[in-house]
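Student: Hey, I've got a new structure to look at and no idea where to start. Can you walk me through it?
Tutor: Sure, let's pull it up and go bit by bit.

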Amino acid sequence: MVPPIKIALDFNIKICYQLYMTFGRKIRDLRKKKKLTQRQLAEIVQLDFTYLSKIENDQLPYTPSIKTIQALAEALDADEIELLGLANKVPGSLSKVVSDKKALQFFRKATEFIKKPEEWDDFLTYLEKKKKQKP
């Protein structure tokens, strides 16, 4: 049986790791989960492996381009929006939506159903009516 203190320590370490997740750490975790070497991933996304190493070790003086982040997300089957958020590539006006998992889930689900611009108008009208109905 695993002692409760060990379980608590493991849990706290995991929580701390997630709280301090950086873009580079996330890329490394995703790459390792896919069992890819840095060279293999770099080749897939057409980057120099030394550049990828700097990304993973948070050693770049700037964040990678959106195009690079999108390529990494695709190669790693990762959430592009989450990676853009970790890389601080999300405009301030959208940062609240990106950082709120429920809001992000809502917008993803909405885009599955709403395909045309006028459907967004209909949805906004519906929300405004609901808002007026609240006491």
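Student: Let's start with K34. Is K34 buried, exposed or partly exposed?
Tutor: K34 counts as partly exposed, because its relative accessibility is 35%. Keep in mind that this is a predicted model.

Student: Okay, and which residue does K34 meet in a salt bridge?
Tutor: That would be D77, with 2.6 Å from N to O. K34 sits in the loop between helix 2 and helix 3, while D77 sits in the loop between helix 5 and helix 6, so the pair ties together parts that are 43 residues apart in sequence.

Student: What about D77, buried or exposed?
Tutor: D77 is exposed, since its relative accessible area is 60%.

Student: How many salt bridges does the structure hold?
Tutor: Six. One of them links E56 with R31, and the closest N and O atoms there are 2.5 Å apart. E56 belongs to helix 4 and R31 to helix 2, so this pair ties together parts 25 residues apart in sequence.

Student: And are those two buried or exposed?
Tutor: Both E56 and R31 are buried.

Student: Any other salt bridge I should look at? Say, which residue does R108 pair with?
Tutor: R108 forms a salt bridge with D79, and again I'd look at the closest N and O atoms, which are 2.5 Å apart. R108 is in helix 8 and D79 is in the loop between helix 5 and helix 6, so parts that are 29 residues apart in sequence get tied together. R108 is partly exposed, with a relative accessible area of 34%. D79 is partly exposed too, at 26%.

Student: Which residues do shared salt bridge partners join into one network?
Tutor: R28, R31 and E56.

Student: R31 was in helix 2, right? Which residues of helix 2 are buried?
Tutor: F23, G24, K26, I27, R28, L30 and R31 are buried in helix 2. What covers them includes helix 3, helix 4, helix 5 and helix 6.

Student: And what follows helix 2?
Tutor: K35 does, and its phi is positive, near 60°.

Student: Switching topic: how many residues are in the largest nonpolar core?
Tutor: There are 21. The ones with the most contacts inside that core are F23, I27, L41, I55, L72, L76 and L83. Helix 2, helix 3, helix 4, helix 5 and helix 6 are the elements that give two or more residues to this core.

Student: Which helix gives the largest share?
Tutor: Helix 5, with four residues.

Student: You mentioned L72. Which residues is L72 in contact with, leaving aside neighbours within four places in sequence?
Tutor: F23, I27, L41, V45, L52 and I55.

Student: Last one: at what angle do helix 7 and helix 8 cross?
Tutor: Roughly 95°, and their axes come within 5 Å. Helix 7 covers residues 92-99 and helix 8 covers residues 101-113. An angle from 65 to 115 degrees counts as roughly perpendicular, and therefore helix 7 and helix 8 are roughly perpendicular to each other.

Student: Which residues meet there?
Tutor: From helix 7 you have V97, V98 and S99, and they meet K101, A103, L104 and F107 in helix 8. By type, the residues of this contact divide into five nonpolar, one polar and one charged.

Methods: Residues are numbered from 1 along each chain as its sequence is written. This is a predicted model: local features need pLDDT of at least 70, side-chain atom pairs count only at pLDDT 80 or more; totals for chains, interfaces and linings use all residues. Side-chain values use heavy atoms; hydrogens and water are left out. Axes are lines fitted to C-alpha atoms, for helices over the stretch in contact, and angles run from 0 to 180 degrees between N-to-C directions. Angles under 35 degrees count as roughly parallel, over 145 as roughly antiparallel, 65 to 115 as roughly perpendicular and the rest as oblique. Contact means heavy atoms within 4.5 Å. Ala, Val, Leu, Ile, Met, Phe, Trp, Tyr, Cys and Pro count as nonpolar, Asp, Glu, Lys and Arg as charged, and the others, Gly among them, as polar. A nonpolar core is a set of buried Ala, Val, Leu, Ile, Met, Phe, Trp, Tyr and Cys residues joined through side-chain atoms within 4.5 Å. Buried means under 20% relative accessible area, exposed over 50%, partly exposed in between (1.4 Å probe, protein chains only). A salt bridge is a side-chain nitrogen of Lys or Arg within 4 Å of a carboxyl oxygen of Asp or Glu.
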